Amino acid sequence: MRVLHIAYQQLRRYGKTRVSWAQKLTHGLIKNDHFVQGFSDRDVAAFEAPFGWRDLGKGKANKRLLETVEAFDPDLVIAGHCDIVSNETLEKIRQICPHAALAHCNNDPLFVPENVEKIKHRAQVVDAIFVSTGRCELSIFEGSRARIYHMPNPVDPAVENLDNSIKKEFEIDLLFCSNSDDFTKRLELVKSLKDTLQTEMKFKTFGSFGDPPVWGRDYDHALSETKMGLNLNRQEGHYWYSSARMAQLAGNGILQFTHSSPRFDTLLPPDSVVYFDDADDLRNKIREFHNDDVKRQAWAACAREFFHKEMNNKLYAQYILESSLLQPYSHDYVWAQDINPDGCLKP
């Protein structure tokens, strides 16, 4: 099948960032033997604009996208985070390729009001929308043209290729990486932990408290030397919502601590991810697993096995394709046990 994937491919960062969920989707589609044509809207706008000023290249980027559609003739168009591409352009794509399905994937949280409006905007013109928050919170998008689905954050075995669950010696006992302070108070929790735990273990907080952030191979090195990690979202309590950090930690065999309120216990197997309710509960559980390597290794290994078997990018990509085209599901996707391919709840 021919798939046109419109997403920011970070071409102008020249390897300084890690593989994104959008790139994992492309990789998964290719591994499933689909013919994928990528289109990086932000990069094309910058390349086509005078003096490289991206805002001046928006119109040209939309024009180049339509040229790409004419030349490639896709069966499925997946539009990710591509704000430069207008809804009018997506409607023109439908006219050029009336046989093609249009889908939108959005991996950002719903606690950012602007993101909710972006999803509602895309829902006016596409056939299917995939959101990284759980289905029970997606009713706000129902009634639009688009069918609404949940999608997880996947692992890619080519990217999450470590297995720290078999290791016992680490440079970092506890890790938290962050580069965003918007819509969050999570650093208050991290500071409280750091004040009480830094004499007991090696606790690194890249991107916070004066520690510079790490990117690319430096981030990969940090993960390779990490025993346990904090999976703290900017806000907690949104059903099945987590940043890509969850898959990065689990997929590399790094034991992770995450808040209980997103209810990942209803999706993930027992004894895989450590859930906490408050700061004291988290602190006690960090100490417990730090001092019990056998238990830490067993839980981290369970999470790693589950993510690589049931939440990998091949399954993720095929689920998006099958849902978009209303095809029968070829796998019992663990995150979609309650829905039919048509987006409706099972009776």
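The exercises below work through helix packing, strand pairing, aromatic pairs and burial in a predicted model.

**Exercise 1. Helix 1 and helix 11**

Task: Find at what angle helix 1 and helix 11 pack, and classify the arrangement as roughly parallel, roughly antiparallel, roughly perpendicular or oblique.

Solution:
- Step 1. Locate the two helices: helix 1 covers residues 21-31 and helix 11 covers residues 313-324.
- Step 2. Take the geometry: the axes lie 8 Å apart, at an angle of about 85 degrees.
- Step 3. Apply the cut-off: angles of 65 to 115 degrees count as roughly perpendicular. Helix 1 and helix 11 are therefore roughly perpendicular to each other.
- Step 4. List the contact residues. Helix 1 contributes Trp21, Lys24, Leu25, His27, Gly28, Leu29 and Lys31. Helix 11 contributes Asn313, Lys314, Tyr316, Ala317, Ile320 and Leu321.
- Step 5. Sort the contact by class: 7 residues are nonpolar, 3 are polar and 3 are charged.

**Exercise 2. Burial of helix 1 and helix 2**

Task: State which residues of helix 1 and helix 2 are buried, and what they pack against.

Solution:
- Step 1. In helix 1, the buried residues are Trp21, Ala22, Lys24, Leu25, Thr26, Gly28 and Leu29.
- Step 2. The cover over these residues of helix 1 includes strand 1 (2-6), strand 2, strand 3, strand 4 and helix 11.
- Step 3. Note the chain just after helix 1: aspartate 33 has a positive phi of about 70 degrees there.
- Step 4. In helix 2 (residues 41-48), Asp41, Asp43, Val44, Ala45 and Ala46 are buried.
- Step 5. Strand 2 and helix 3 (58-72) are what the buried residues of helix 2 pack against.

**Exercise 3. The sheet of 6 strands**

Task: Give the strand order of the open sheet, name its edge strands, and follow the bridges from strand 3 to strand 4 and from strand 4 to strand 5.

Solution:
- Step 1. The order of the 6 strands is 2-1-3-4-5-6, and the pairing is parallel.
- Step 2. Strand 2 (35-39) and strand 6 (147-150) pair on one side only, which makes them the edge strands.
- Step 3. From one strand to the next, the twist averages 20 degrees.
- Step 4. Strand 3 (residues 76-79) is joined to strand 4 (residues 101-106) by 4 bridges in the parallel sense. Alanine 79 has histidine 104 as its bridge partner in strand 4.
- Step 5. Strand 4 and strand 5 also run parallel, joined by 4 bridges. Here histidine 104 stands opposite isoleucine 129 of strand 5.
- Step 6. Check the faces of strand 5: Ala128 and Phe130 are buried on one side, and Ile129 and Val131 are buried on the other.

**Exercise 4. Two aromatic pairs**

Task: Classify the ring pair of phenylalanine 130 and tyrosine 149, then that of phenylalanine 289 and tryptophan 299.

Solution:
- Step 1. A pair of aromatic rings is described by the distance of the centres and the angle of the planes.
- Step 2. The model holds 14 aromatic pairs. For phenylalanine 130 and tyrosine 149, the centres are 5.0 Å apart and the planes lie at 15 degrees, so the pair is stacked.
- Step 3. Place this pair in the chain: phenylalanine 130 is in strand 5 (residues 128-131) and tyrosine 149 is in strand 6, 19 residues apart.
- Step 4. Check burial: phenylalanine 130 is buried at 0% relative accessibility, and tyrosine 149 is buried with a relative accessible area of 0%.
- Step 5. For phenylalanine 289 and tryptophan 299, the centres are 5.1 Å apart and the planes lie at 70 degrees, so the pair is edge-to-face.
- Step 6. Phenylalanine 289 belongs to helix 9 (residues 279-290) and tryptophan 299 to helix 10 (residues 293-310), so the pair ties together parts 10 residues apart in sequence. Both phenylalanine 289 and tryptophan 299 are buried.
- Step 7. Return to phenylalanine 130 and tyrosine 149: they form one aromatic cluster with Tyr319, Tyr329, Tyr333 and Trp335.

**Exercise 5. Strand 7 and histidine 290**

Task: Name bridge partners of strand 7 in strand 9 and strand 8, then decide whether histidine 290 is buried or exposed.

Solution:
- Step 1. Strand 7 (residues 172-175) pairs with strand 9 (residues 226-231) in the parallel sense over 3 bridges. Leucine 174 has methionine 228 as its partner in strand 9.
- Step 2. Strand 7 also pairs with strand 8 (residues 203-204), in the parallel sense over 2 bridges. Leucine 175 has lysine 204 as its partner in strand 8.
- Step 3. Histidine 290 is part of helix 9. Its relative accessible area is 17%, and the cut-off for buried is under 20%, so histidine 290 is buried.
- Step 4. Beyond its neighbours within four places in sequence, histidine 290 contacts Asp173, Glu200, Met201, Lys227 and Met228.

Methods
Residues numbered from 1 in each chain as written. Predicted model: local features only at pLDDT ≥ 70, side-chain atom pairs only at ≥ 80, totals over all residues. Heavy atoms only, no water. Axes fitted to C-alpha atoms, helices over the stretch in contact; angles between N-to-C directions. Parallel < 35°, antiparallel > 145°, perpendicular 65-115°, else oblique. Contact = heavy atoms within 4.5 Å. Nonpolar A, V, L, I, M, F, W, Y, C, P; charged D, E, K, R; others polar. Pairing = 2+ DSSP bridges. Phe/Tyr/Trp six-rings, centres within 6.5 Å; stacked < 30°, edge-to-face > 60°. Buried < 20%, exposed > 50% of the residue type's maximum accessible area, 1.4 Å probe, protein only.
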